[in-house]
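Visitor: Could you take me through this model, starting with the packing and then moving on to the charged and aromatic pairs?

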Amino acid sequence: MPECFSRASRTLLHSGSPTKTFGDDRQSLKENRMQVSDLKKHIRDIPNFPKPGVIFKDITPLLKNGEALQVVCDELVKRFEKESIQQVVGIESRGFIFSPMIAYKLGTGFVPVRKKGKLPHEVERVSYTLEYGEDFLEIHRDAISKGDRV
C-alpha cells in the first residue's frame, strides 16, 4: 500500500474521536471559519510543470483541507446564487472538481467541457492557447439549450 494511503488509514482508524458526528464538525467550522484570504496558503507553486518556464498552481493541498474546500465552494456559490442559473459548466479538469459541487448547491445541472476526443456524442469544439501550446475543448451539442442561463 502506498505510504500516503497507509497514513490516511491510520489517521482514520486512530483519530481518537470515533463518536464525533458530521454535524459537530459543521458547527465547529462555522465558529472558526477560515477566511477567503487564508486560501492562498493552500495552493502551492510547482515550477517548470508541465513544461519549463510554467508555474503550475497545485490545488491538491486545498482539496485535502475540508474547511478550505468548503470556503471555496461556499464563496463560489455566493457569487451566483441570485442569478437563476440553469446549468453550471465545468472545464476539464479542475472544473470537474468544483462545478458539480456548485451545481448541487444551486440545484442545477452540471455540463462537462472536455478536451478533444473525450465526449462520445456530437460536439462543438473551440481551440485555445496556453503558455505552452494549443489545445481544444469540446461540449456536447445538446448540453445547453437556447435561453439557458449558464
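What follows is a short chat about the core, a helix, some salt bridges and the ring pairs.

Visitor: Before we dig in, what kind of model is this?
Guide: Local features here need pLDDT of at least 70, and side-chain atom pairs count only at pLDDT 80 or more. That's because the model is predicted.

Visitor: Okay, the core. Which helix gives the largest share of the largest nonpolar core?
Guide: That core has 15 residues, and Leu 39, Leu 62 and Phe 98 touch the most other members. Two elements give two or more residues to this core, namely helix 4 (66-80) and helix 5 (94-106). The largest share is six residues, and those come from helix 4.

Visitor: Which residues is Leu 62 in contact with, leaving aside its neighbours within four places in sequence?
Guide: Leu 62 is among the core members that touch the most others. With those sequence neighbours set aside, the contacts of Leu 62 are Leu 39, His 42, Ile 43, Ala 68, Leu 69, Val 72 and Phe 98.

Visitor: Back to helix 4. What span would be expected for its 15 residues at 1.5 Å a residue?
Guide: The expected span is 1.5 Å times one less than the number of residues. In the model, helix 4 reaches 22 Å from its first C-alpha to its last, which is close to the expected 21 Å.

Visitor: And which residue caps the N-terminal end of helix 4?
Guide: Look for a side-chain oxygen that lies 3.1 Å from the backbone nitrogen of Glu 67. The residue that supplies this oxygen is Asn 65.

Visitor: Now for charges. How many residues apart in sequence are the parts that Asp 45 and Lys 57 tie together?
Guide: These two form a salt bridge, with the closest N and O atoms 2.7 Å apart. Asp 45 sits in strand 1 (residues 44-47) and Lys 57 in strand 2 (residues 55-58), so the bridge ties together parts whose separation in sequence is 12 residues.

Visitor: Which residue does Arg 149 form a salt bridge with?
Guide: The closest N and O atoms of that pair are 3.3 Å apart. Arg 149 is in the segment after strand 6 (133-140) and the partner is in the loop between helix 4 and strand 3 (87-91), so parts 66 residues apart in sequence are tied together. The partner is Glu 83.

Visitor: Glu 138 forms a salt bridge with Arg 125. Is Glu 138 buried or exposed?
Guide: The closest N and O atoms of the pair are 2.6 Å apart. Arg 125 has a relative accessible area of 48%, so Arg 125 counts as partly exposed. Buried means under 20%. Glu 138 has 3% relative accessibility, so Glu 138 counts as buried.

Visitor: Last topic, the rings. How many aromatic pairs does the structure hold, and how are the planes of Phe 49 and Phe 56 arranged?
Guide: The structure holds two aromatic pairs. For Phe 49 and Phe 56 the ring centres are 5.3 Å apart and the planes are at 80 degrees. Planes over 60 degrees apart count as edge-to-face, so the Phe 49 and Phe 56 pair is edge-to-face.

Visitor: What angle do the planes of Phe 96 and Phe 110 make?
Guide: Phe 96 lies in helix 5 and Phe 110 in strand 4 (residues 109-115), so this pair ties together parts 14 residues apart in sequence. The ring centres are 6.1 Å apart, and the pair is edge-to-face because the planes are at 90 degrees.

Note on methods: Residues numbered from 1 in each chain as written. Heavy atoms only, no water. Core = buried A, V, L, I, M, F, W, Y, C linked by side-chain atoms within 4.5 Å. Buried < 20%, exposed > 50% of the residue type's maximum accessible area, 1.4 Å probe, protein only. Helix = DSSP H or I, 4+ residues; strand = E, 2+ residues; numbered from the N terminus. Contact = heavy atoms within 4.5 Å. Polar contact = N/O pair within 3.5 Å; in protein donor to acceptor, adjacent residues only side chain to side chain. Salt bridge = Lys/Arg side-chain N within 4 Å of Asp/Glu carboxyl O. Phe/Tyr/Trp six-rings, centres within 6.5 Å; stacked < 30°, edge-to-face > 60°.
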